[in-house]
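Here are some notes to read alongside the model. They go from the whole chain to single residues, and each point can be checked against the structure shown.

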Amino acid sequence: MTETQKACNPGPATHDHRRCIATALREAEDLCRARAVNLTATRRRVLELVWQGHEPVKAYQIINNFRAGHQATKPPTVYRALDFLMENGLVHRIESLNAFVGCTRPENRHQADFFICTACHRVDEIDSGKIAATFEKLARQQNFTISHKTVEVYGLCRACHEKTGEQFHA
Ligand SMILES: [Zn+2]
Ligand SMILES: [Zn+2]
Ligand SMILES: [Zn+2]
């Protein structure tokens, strides 16, 4: 298995992804408690499965992994859990991939835009404020009313960029 095929892009050598998962679950529990919404066992498990790495996961993968944990579930149950997680900003959908990623800053509601690495599939959220302002200005100039937008930019993350650099210099 090559580095880029690993389920989770390890990033820096110090990266312990179990901590990412633990942090995401703890934040979700705190947020749901504060908002008086119910993070049921199913919703929590689906969030955990979305957070299996920093790359987007498809709904069918979540369903399969849910069942691999020896828990019976029907696809609509998982879809409803995903809807709940998206409504609460805990998960985002990558439209161009029809896949889901966990949000790293769910405490502030935001429109999510993404940098997507084509080598390891890692997804990083872009600070959307400036992008939104630019689109609003362009829309005003062209008499267009935006109802919805999502920006998904493909390229190489830092780790993969450095890796390709190493290959070139080898
Ligand atoms: Zn991680
Ligand atoms: Zn987010
Ligand atoms: Zn990468």
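**Notes on the fold**

1. In the protein, 55% of the contacts with a separation of 6 or more are between residues 24 or more positions apart. Please keep in mind that this is a predicted model. Buried residues make up 22% of the 170 residues.

2. The protein has six helices and five strands. Read from the N terminus, the order of elements is α-α-α-α-β-β-β-β-α-β-α. It helps to keep this order at hand when finding the elements named below.

3. Consider how two of the helices meet. Helix α2 (residues 41-50) packs against helix α4 (residues 75-87) at an angle of about 80 degrees, and their axes are 9 Å apart. Angles of 65 to 115 degrees count as roughly perpendicular, so α2 is roughly perpendicular to α4. On the α2 side the contact is made by Thr42, Arg43, Val46 and Leu47. On the α4 side it is made by Thr77, Val78, Ala81, Leu82, Phe84 and Leu85. Sorted by class, the contact has seven nonpolar, two polar and one charged residues. The spacing within such lists has a general background: an α-helix has 3.6 residues a turn, so residues three or four places apart point the same way.

4. Strand β1 (residues 91-94) pairs with β2 in the antiparallel sense, over four bridges. Ile94 of β1 stands opposite Ala99 in β2. The two strands form a hairpin with four residues between them, and in this hairpin Asn98 takes a positive phi near 45 degrees.

5. Which strands form the open sheet, and in what order? There are three, in the order β4-β3-β5, and the pairing is mixed. β4 and β5 stand at the edges with a single partner strand each, so one side of each has no neighbour in the sheet. From one strand to the next, the twist averages 25 degrees.

6. The mixed pairing can be followed strand by strand. Strand β3 (residues 113-117) and strand β4 (residues 123-126) are antiparallel and pair over four bridges. Asp113 stands opposite Ile126 in β4, and Phe115 has Asp124 of β4 as its bridge partner. β3 and β4 form a hairpin with five residues between them, where His121 in the turn has a positive phi of about 70 degrees. With strand β5 (residues 152-155), β3 pairs in the parallel sense, also over four bridges. Here the bridge partner of Ile116 is Tyr154 in β5. As a general point for reading any such sheet, side chains in a regular strand alternate between the two faces.

7. Ala112 is worth locating, in the loop between β2 (99-102) and β3. Is Ala112 exposed or only partly exposed? Ala112 has 19 other C-beta atoms within 10 Å, and a residue needs 20 or more to count as buried and 12 or fewer to count as exposed, so Ala112 is partly exposed. Leaving aside neighbours within four places in sequence, Ala112 is in contact with His92, Cys103, Glu125 and Ser128. Ala112 and Ile126 are 14 residues apart in sequence, and their C-alpha atoms are 7.0 Å apart in space.

8. Next, helix α5 (residues 129-141). At 1.5 Å a residue, its 13 residues should span 18 Å, and the end C-alpha atoms are 19 Å apart, which agrees. How many of the 13 residues of α5 are buried? The number is zero, so α5 lies largely in the open.

9. Asn143 comes just after α5, in the loop between α5 and β5. Although Asn143 is not a glycine, its phi is positive, at about 50 degrees. Asn143 is exposed, with 6 other C-beta atoms within 10 Å.

10. Ala36 can be read in a similar way. Ala36 is in the loop between α1 (17-34) and α2. The phi of Ala36 is near 55 degrees, a positive value in a residue other than glycine. Ala36 has 6 other C-beta atoms within 10 Å and is exposed.

Notes. Residues are numbered from 1 along each chain as its sequence is written. Chains are lettered from A and ligands numbered from 1 in the order in which they are written. The expected span of a helix is 1.5 Å times one less than its number of residues. Axes are lines fitted to C-alpha atoms, for helices over the stretch in contact, and angles run from 0 to 180 degrees between N-to-C directions. Angles under 35 degrees count as roughly parallel, over 145 as roughly antiparallel, 65 to 115 as roughly perpendicular and the rest as oblique. Two residues are in contact if their C-beta atoms, placed from the backbone, lie within 7 Å. Ala, Val, Leu, Ile, Met, Phe, Trp, Tyr, Cys and Pro count as nonpolar, Asp, Glu, Lys and Arg as charged, and the others, Gly among them, as polar. Two strands pair if DSSP finds at least two bridges between them.
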